[in-house]
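This report introduces one protein model to a reader who has not met it before. Please keep the sequence and the structure in view while reading.

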Amino acid sequence: GVQKVYWAYGDGNAERYYKIEKNKHSPGSMITIDLVKPVAEFYDRCRIRKGPSFGMDISLMSPYMYMAHYDIISKDTGRDELLAYGINPDLIRISVGTEPIDQIIQAFDEAL
C-alpha cells in the first residue's frame with residue numbers, strides 16, 4: 001500500500017542529511033509516505049493519532065500538503081502542477097513515537 005517512503009537517509013537525501021546532522025547515524029523519527037490507495041481510505045482507517053504537533057513521544061501523522069498548502073491542492077490546477085513536478089498532493093507525514101514498534105506496525109498494516 002506504500003509506493004515510496006521519504007526519510008533522512010533515503011534515496012537522494014542521505015548525502016545532504018549527512019552534511020547537517022548533529023549526531024552521527026541519528027536521522028530522527030520523521031518519515032513521509034506516498035500511498036498507492038486513496039489517502040482518505042488509509043487516513044480514516046489508521047489507528048495512529050492525527051495531528052500536526054510533532055516532537056511528542058507518541059506517534060502522530062498528518063496529511064501534510066493539506067495542512068501546509070491547502071490553497072494549492074484544493075484546486076485541480078494546483079494538484080496537476082504538483083503531480084507534474086513529481087509531488088503527490090496526498091503525502092502523509094509521520095512522526096514515529098516511542099510506543100512498542102509492533103503496535104505501530106500493526107496500526108499501519110491494518111490501514112494499508
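## Strand pairing and the sheet

In this predicted model, R49 has L60 in β4 as its bridge partner. Strand β4 covers residues 60-62 and pairs with β3 in the parallel sense, over two bridges. Both strands belong to an open sheet of five strands, whose order is β1-β2-β5-β4-β3 and whose pairing is mixed. At the edges of the sheet lie β1 and β3 (49-50), each of which pairs on one side only.

## Overall fold

Six helices accompany the five strands. Along the sequence, these elements follow the pattern β-α-β-α-β-β-α-α-α-β-α. The radius of gyration is 15 Å, close to the 13 Å that the globule rule gives for 112 residues, so the protein is as compact as a globular protein of that length. The C-alpha trace spans about 40 × 35 × 25 Å along its principal axes.

Among contacts with a separation of 6 or more, 62% are between residues 24 or more positions apart. Of the 112 residues, 34% are buried.

## Surface

The protein exposes about 7400 Å², of which carbon and sulfur atoms supply 53%. A nonpolar patch on this surface is formed by V2, V5, W7 and L112, which together have about 290 Å² of accessible area. Within the patch, V2 belongs to strand β1 (residues 2-6). The relative accessible area of V2 is 31%, so this residue counts as partly exposed.

## Salt bridges

Side chains of opposite charge can pair when their charged atoms come close. The structure holds five salt bridges, and the table lists three of them, including the N to O distance of each.

| Salt bridge | N to O distance |
|---|---|
| K24 and E21 | 3.8 Å |
| K37 and E41 | 3.2 Å |
| D90 and R79 | 3.3 Å |

The pair of D90 and R79 links distant parts of the chain: D90 is in the loop between α5 (76-84) and β5 (92-95), while R79 is in helix α5, 11 residues apart. Because its relative accessibility is 17%, D90 counts as buried, whereas R79, at 22%, counts as partly exposed.

How do the partners in the other two listed pairs lie with respect to the surface? K24 is exposed, at 61% relative accessibility, while E21 is buried, at 11%. K37 counts as buried, with a relative accessibility of 18%, and E41 is partly exposed, with a relative accessible area of 39%.

Definitions and conventions. Residues numbered from 1 in each chain as written. Predicted model: local features only at pLDDT ≥ 70, side-chain atom pairs only at ≥ 80, totals over all residues. Heavy atoms only, no water. Patch = residues over 30% accessible without salt bridge, like charges linked within 9 Å, V, L, I, M, F, W, Y side chains within 5 Å. Areas by Shrake-Rupley, 256 points an atom, 1.4 Å probe, with all protein chains shown as cover. Salt bridge = Lys/Arg side-chain N within 4 Å of Asp/Glu carboxyl O. Helix = DSSP H or I, 4+ residues; strand = E, 2+ residues; numbered from the N terminus. Buried < 20%, exposed > 50% of the residue type's maximum accessible area, 1.4 Å probe, protein only. Rg over C-alpha atoms; globule rule 2.2 N^0.38 Å. Contact = heavy atoms within 4.5 Å. Pairing = 2+ DSSP bridges.
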